[in-house]
Amino acid sequence: MNTQELMEHLCRSYDQYLRVEGIKNIHRKDYPKFLETFSRKNLLANYANGIQELKLEYRHLTNFGKTCWVETTAHMMKDPVSGDIRCLLYLHDIDAAKRERLTLENASRLDPLTKLYNKGAAETLIRSQLEASSPDACHAFIIIDLDHFKKINDLHGHACGDKVLKETAKRIQQHFRSDDIIGRIGGDEFIAFIKNIPSKDFLIQKLEKLRYTVVPFRGILTYSMGICLTSNYGFDFEVLYEKADIALYHSKARGRNCFTFYTSVMHLPEQNGIPKSEIVMEPEDPAWSQEIFHALIENLEDITYLSDPYTYELLYVSPQVRDILGLSGNDPIGKKCYEVLQGEHKPCPFCTNHLLDQKPVIWEHHHRLLNRDYLLKDKFITWNHRKVRMELAIDITDLKLNGIQQRFSIALTEYASLLESLSGTKEILQVAAQTLGKFYQADDVCLIYPAHTGNSYHFKCLWHYENSISQSALVQLTQIEKYAFIQDLFYTNDIIHIPDIEMLRPNYPEEMRLLERYEIRQMLGFSFSAEHPKNACLILSNPHTCGNELHFLRLVCHLLTNRLHSIDAEKKLDYNFWHDALTGLYNLASFSSYTKKRHFEELSSVGLVLADINGFKQINNTMGYSFGNQVLLDTARVFRKYFPDAYHFRLSGNEFCIICENASGKYFYQQISLLQADPIVLRHDGISFGYHWMQKEVDFSILKSLAEDSMMEEKQKYYMETPYFAKRHRPTILQQTLRDLKEERFLIYLQPKVDLSSRKLIGAEALIRYRHEERGLIAPDFFIPPLEKEHLIRYIDLFVLEQACRLLGRWQQEGHKTFPISINFSRITLMEEEILPSLLELVHTYQISPSLIQIEITETIEEKDCDVLLTLSHQLRQAGFTIALDDFGTKYTNLSILTHMDFDVLKLDRSLIQTLCFRASNQTIIKHVIQMCKELPVEVIAEGIENEEQAALLTSMGCPSAQGYLFGAPMPISEFESRFMPAETDFKISP
């Protein structure tokens, strides 16, 4: 066997060894990753890229069939004699620590009640799946809501509600696969992400089974679901969530206990801003659902049915139709309308379906089977998101027998058509009065309605004949306070019919004389329910024709009442959609609509307050839910008290939001102070507030982010200072961070800054590293983000500052020449109220000048509005610190910030420098930025200089200073001092 064959054999033996050992000793789910990580090809590829160590955590199978977490480290090195790459693999038992970490991670990811993923964990997992999906993958994004869940809590208590939620979670899990993602995202809302569905039919079968496997709770509970498919609408989490939520809304509107797939024609009710008094929902195409249809139509006396205009199948039949035709229950549903209603074997020749696309059709029809005459109104409506035919029918047989059918039909047809187009109470009453006055040829038609306070009435003439004087009599009746007469006469019966006023003389002699004076001989009318707790009345004086015909009067009254009730129901539906049922504040749907449609940049200023009631769950558990509701009501009331002209939202159970438009910063912060001192706010465990005020070119997303950061700080203080929460909520990461600081695991590294022309040292940047017991030095990218997320980054920022101050103080004492040291500060740290005193305390402690500390403002510049930057930078510079604007040239750069913020140094981001030599556009940008900074004047420093070509090009552009690996990598303080702190006065750097 030659050398090449031997090497191939050894390679095959190594890979074969991995496969054999992996199958025997490694958990099957970790086996592929194990083979990939430690394969010969992967090890050599990593070594070629400068990576000499690879680690992997996985589950190792013991001799007893149990699993044990281990970490395998592959350390690669080159044999100094042969030049071969050798690899040493060793195992470390991490089982106890890993299981503890997994337990903590798992607990933080699970909803404590249902043991499903919580909202944050579910979202993270779904986003990960979406990012890893192939373009042709088809996943289902589903939002599941329990119908009538509030009713269960109200009737049977929250303990019962919790049991229902747990059982619901269990059943949802049972109906999907183990690797699908199921989570609870709200009180009674769940989310399901079903991966790689083979077909839509497969999913429909799953959902049908889930829908019919309802938790058996007294017939109350059902599920509504909204679904969006990635195959149709892509892999963006926010898009899928929004569209599934819209589909859920439509499921609710269809009558609940159903599921709906999102289509592009669906939408939520929209609004054009929020008026101060009320939000009005104006959908482009009103979609009648089963629930709305039953609420608004089924209780009316008109005979009603719905049918499919294409298949003629009956979709809904009113109780009146079922009674008249002798039908029971849902027997007629799904059968042909012409068979059930007309006794025909094919579509009726008089069917109006072909006429309804333009407008509703009102016509007369003689029903052969019933031998009755009807006035019919047919129209197309959207019902369950499909076009259906709706027919209303009024029996006019009696009118036909009386010989007035033609006048009746014309008048009622005109009246019904006008009602269809009206939505205001005033216009509807006006049309009713006009219809009655003309039909009965009355002198006038008047409206009498009760006042809101006291036992009094208002009068208004809605229609009158040109020369009529009778309306004055009714005016007089209201003015002389003959309330008993009005009450007895007009509010005792629905229909008011006085064919001769002589019948009133024995009981009402004074009123009789008044009526005679104004020549009132007859009165006709009806009372109806309007927007008042008592009925209103329409009164006709002196009907000259058909005065004894009351059927027409009843029908007008009936149609009027139905129209007013349907408008009232629609208004209530609109109100409930946009408002919180308990507090009356705007709800989350209103907040979303408001923030989406409001043009904040047009406002002079916006103040935002976020509020979270501390310990609200404990209030509910210890004091009861009724007490908790009262706390919410009191909170809403006190918010309105101090911000009466603001928009108020209840975003969730104990979270509120206040948005104050066009108010001065002085007023906004003054009201905040008053609010925070109110006894309602201070009782119990208080309220955590986050707030911010912004003016000029307001960016609401930035404003909200700043307020959220502020609120997070307040909430964390509450958890830390409250004994009940101290053990439960004190983050483990905080304890670990404080312990690591005490044990000096965080190290300061310095990177030199140089003058490009002379290459002399002009300063340094302080950077931080973490010294891990086993993994060695860890870069900040791995430990800074978790600290920022937990709002604990202040400990690191202030630690770096103190180390820099201590170092500069020592250099001064030793007689060395000092120079500025720059320090990266997180925005979260700089936004703390007491940050400036903390900085000054440190520089004074070590007796150094603040001018030796350069504060680099990092992170996404767009997250700071102009006013905060201006105030912050001005205060720091006034105190003697210098300010550097870091990362200029990244995707977040905003040139307007140069005109608003006080700063001394602008740092060109390394992303501009990396492509400087071969991208002309970068050269143009940098050249003009340098020139602009000279005119401001602001110092410029370029980051990330790695070669002489970049340095020379920057020098030719007039860039004065730079830092980068060409002049020195970040290094320990001891190394920095040995290289750059000799006895000489100047420190020149030779790359």
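Does F235 count as buried, partly exposed or exposed, and at what relative accessibility? At 27% relative accessibility, F235 counts as partly exposed. That value, like everything else in this report, comes from a predicted model. Let us start with this phenylalanine and its neighbours, and then move on to the chain, two of its helices and its salt bridges.

## F235 and its surroundings

F235 sits in the loop that links α9 (230-233) to α10. Leaving aside residues up to four places away in sequence, F235 is in contact with L130, S133, S134, P135, A137, H139, T230 and L240. One of these partners, P135, is 100 residues away from F235 along the chain, yet their C-alpha atoms are separated by 8.6 Å.

## The chain as a whole

The protein chain is built with 38 helices and 33 strands. It has 991 residues, and 48% of them count as buried. If you look at contacts between residues at least 6 apart in sequence, 63% of them join residues at least 24 apart.

## Helix α22 and its partner α23

Helix α22 covers residues 616-623, and helix α23 covers residues 625-642. The two pack with their axes 7 Å apart, at an angle of about 140 degrees. That angle makes α22 oblique to α23, because a pair counts as roughly antiparallel only at angles over 145 degrees.

Which residues make this contact? On the α22 side they are F616, I619, N620, N621 and M623, and they meet Y625, F627, G628, V631 and L632 of α23. By character, the residues of this contact divide into 7 nonpolar and 3 polar, with no charged residue.

Helix α22 also has a buried side and an exposed one. Its buried residues are F616, I619 and N620. These three cover an arc of only 95 degrees around the axis, so they lie on the same side of α22. The buried residues of α22 pack against β20 (605-613) as well as α23. On the face turned away from that buried side, you will find the exposed residues K617, N621 and T622. Just after α22 comes G624, with a positive phi of about 100 degrees.

## Helix α29

A similar question can be put to another helix: which residues of α29 are buried? In helix α29 (residues 780-789), they are F783, I784 and L787. Their arc around the axis is only 105 degrees, which puts them on the same side of α29. The other side of α29 carries D781, F782 and K789, which are exposed. After α29 comes H791, whose phi is positive, near 60 degrees.

## Salt bridges

How many salt bridges does the structure hold? There are 30. Here are three of them, with the distance between N and O atoms for each pair.

| Residue | Partner | N to O distance |
|---|---|---|
| R177 | D180 | 3.2 Å |
| E242 | K596 | 3.4 Å |
| E502 | R505 | 2.7 Å |

The accessibility of the partners helps to place each pair. In the bridge between R177 and D180, R177 is partly exposed with a relative accessible area of 28%, whereas D180 counts as buried at 7% relative accessibility.

For the bridge between E242 and K596, the positions in the sequence are worth a look. E242 belongs to helix α10 (residues 237-253) and K596 to helix α21 (residues 588-597), so this pair ties together parts that are 354 residues apart in sequence. Of the two, E242 is partly exposed, with a relative accessible area of 38%, and K596 is exposed, with a relative accessible area of 61%. Helix α10 may sound familiar: the loop holding F235 lies between α9 and α10.

In the bridge between E502 and R505, both residues count as partly exposed: E502 has 39% relative accessibility, and R505 has 32%. Salt bridges can also share partners, and in this way K753, E765, E856, K907 and E943 are joined into one network.

Methods. Residues numbered from 1 in each chain as written. Predicted model: local features only at pLDDT ≥ 70, side-chain atom pairs only at ≥ 80, totals over all residues. Heavy atoms only, no water. Axes fitted to C-alpha atoms, helices over the stretch in contact; angles between N-to-C directions. Helix = DSSP H or I, 4+ residues; strand = E, 2+ residues; numbered from the N terminus. Parallel < 35°, antiparallel > 145°, perpendicular 65-115°, else oblique. Contact = heavy atoms within 4.5 Å. Nonpolar A, V, L, I, M, F, W, Y, C, P; charged D, E, K, R; others polar. Buried < 20%, exposed > 50% of the residue type's maximum accessible area, 1.4 Å probe, protein only. Arc of directions from axis to C-beta. Salt bridge = Lys/Arg side-chain N within 4 Å of Asp/Glu carboxyl O.
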